[in-house]
Amino acid sequence: MLAARMQQRAPPQQAQRRRAAGAAPAAAAPRLPARPTHWRRAVRTASTTDAGAPVGATATAPRPAGGEGAPAAAPAPAPGIGGDAFSWHRAWWPVAVESQLDPSRPTAAMVLGVPLVIWRPAEGGWAVLEDRCPHRLAPLSEGRIEPSDSTLQCVYHGWRFDGSGACRDIPQIEDPKARATACSSGRACARSFPCQAKGGLLWVWMDAKSPPPPDAAPPVAEEIGREGWTLLGGDWFMRDLEYGFDTLHENLHDPSHIPFTHHGIMGNARREIATPLGEIKTEAAPSAKGFRLWRDTAPFKIPSRMETVNNFVAPCLNSTVQKTATGRTFMLQFYGVPVAPGKSKLFAGFVTNAKLPPLARKLAGAFDWVFHLGQQVVLDSDAYLLHVQERLLQASPAGGWRQSFYLPATADTGIITFRTWMDQVGGGSIPWPLGTDARLGPALPREVVMDRWAQHCRHCKSCRRAVTWIERLRAACTAAAAVAAPVGAFALLAAAAGAWPGAGAGAAGAGGWGPAAPLGLACLALAAAALLARRALQRLWSRFHFTDYVHADVK
Ligand code: FES
Ligand SMILES: [Fe+2]
């Protein structure tokens, strides 16, 4: 079974590359001292990752390709790395922003390649089932909530399920006894996953076979919801991304890209004031719990000192806590979720204890779509390069990240630490369901990679509402221009011809223009203003859908 899983994890062309390069099979590796089963699994996995780490790499500090100039602060994994059991599935994963869920209908989601359906059962709260009907695998998320008993009905043949996934009805079986027997079969049940709402997010425990232990809680910062702390924008920002879990987290551990990739769009980050990062200390080495890094330099010049702790809480939270000299704290909480190969989902929350004027808080709550548009721009600015980068890494003839990347600067410590965690604790890659093709296809068009509507707005009530109003106003502007322009033109022509009632004979020449001329001019001005407003609304509308991000054009 382990061998099957390993085959699943390694993309076929990488396995072929290793074979072609004459890589020793795991069976030929040096004999290891006896260890607990999960420890052996971590070591063996590391020995077979495409990063090419030798067996026993868990005991040595990882180094990037090209030994010279390697960062002095490259983290050395602590003895016993992976000593705690790590499981991708026995973990809480954020699956939705709770306020964005519609209790009147099922919502589709996907975590770790497993399709899920979220819905509100009769007992209240939320239920998460595997998104496939046990009858003939139709997606339950295409179904409906039956109003009489709040069961989830598959719309293919009408089977119904309760919040635990138990089958409540099979309409095709007439005899009540036979129907009850069929419904009670385990084969009639939909797979159910434990879930809970916490901190504004809905969390799912991805091991359907065994419930979470009582001490396993979703990793939510306790400051969220506490007096004196604000979640900027009023809620979590969610976006689907066209690059994978490892590319997303690698990027989140890479502060030195900020002044370049996000030049001019993220606070005062600008490429002209980029600075090297000084020492980065590993406060907690990679383990099943994650790792923690510390630095006291920002990636660009800032007026005062800023201390940053970057905490990776396995398997999904990147918590960056920044403290300024004035005592303000900013917590950037990023949850990166593996959806499918080459696809991930980001939940971002910005929490601060900085005092915000009450009016600013109110406006932020009422116009959170403005805040979301800002986040969309930031994510667009690295979406395409990351989408292409991970394809180049997967296809790299050099092998994995150690061979393909050249990481000579201390600034890359976070990258090395995260990749090391992935290799040595996470097993090198996500354990997708059997049958999943982990190969990434050719790069998608930019319009798809930066499709803001598909990736965020259609899931966001605030953005959808804003777009509805923009479309209404745009239609009103179109109608106003369509009426005002011909009326204005007609009035001016009539005035010029002296045909307007009240205008003197010969109009302009003898009796004057009468009231027609001002009316005509006003109508034409109204038409022009409506067209200009329509154009501005169209540009705003496109910011909810697709706006290309071209770095070379950003001054
Ligand atoms: S596939 Fe769902 S009821 Fe038939
Ligand atoms: Fe939004």
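This talk covers strand pairing and helix packing in a predicted model.

Good morning, colleagues. I shall begin with the strands and then turn to helix α5.

One open sheet has 4 strands, in the order β5-β6-β7-β8, and the pairing is antiparallel. Its edges are formed by β5, residues 144–146, and β8, residues 167–169, each of which pairs on one side only. Within this sheet, β7, residues 160–161, is joined to β8 by 2 bridges in the antiparallel sense. To fix the register, one may take Arg-160, whose bridge partner in β8 is Asp-169.

Next, please look further along the chain, at strands β16, β17 and β18. Strand β16 spans residues 306–313 and strand β17 spans residues 317–324; the two run antiparallel and share 8 bridges. The hairpin connecting β16 to β17 uses 3 residues. As a reference point in this pair, Asn-310 has Thr-320 of β17 as its bridge partner.

Strand β17 also pairs with β18, residues 329–340, again in an antiparallel arrangement, through 7 bridges. Here Leu-317 lies opposite Tyr-335 of β18. These two strands likewise form a hairpin, with 4 residues between them, and in that turn Gly-327 has a positive phi of about 95 degrees.

I now turn to the helices. Two packed helices are described by the angle between their axes and the distance between the axes. Helix α5, residues 245–252, can be described in this way against two partners, α8 and α10.

With α8, residues 368–395, the axes come within 10 Å and cross at roughly 125 degrees. An angle in that range, neither over 145 nor between 65 and 115, counts as oblique, and α5 and α8 are therefore oblique to each other. The crossing is right-handed. On the α5 side the contact involves Asp-246, Thr-247, Glu-250 and Asn-251, which meet Asp-382, Leu-386, Gln-389 and Glu-390 of α8. By residue class, this contact has 1 nonpolar, 3 polar and 4 charged residues.

With α10, residues 413–424, the axes of the pair are 8 Å apart and the angle is about 150 degrees. Since angles over 145 degrees count as roughly antiparallel, α5 and α10 are therefore placed in that class. This crossing, too, is right-handed. From α5, Phe-245, Asp-246, Thr-247, His-249 and Glu-250 meet Ile-415, Phe-418, Arg-419 and Met-422 of α10. The residues of this contact divide into 4 nonpolar, 2 polar and 3 charged.

Asp-246, Thr-247 and Glu-250 of α5 appear in both contacts, with α8 and with α10. Thank you for your attention.

Note on methods: Residues numbered from 1 in each chain as written. Chains lettered and ligands numbered in written order. Predicted model: local features only at pLDDT ≥ 70, side-chain atom pairs only at ≥ 80, totals over all residues. Heavy atoms only, no water. Pairing = 2+ DSSP bridges. Axes fitted to C-alpha atoms, helices over the stretch in contact; angles between N-to-C directions. Parallel < 35°, antiparallel > 145°, perpendicular 65-115°, else oblique. Left-handed = near helix turned anticlockwise from the far one by under 90°. Contact = heavy atoms within 4.5 Å. Nonpolar A, V, L, I, M, F, W, Y, C, P; charged D, E, K, R; others polar.
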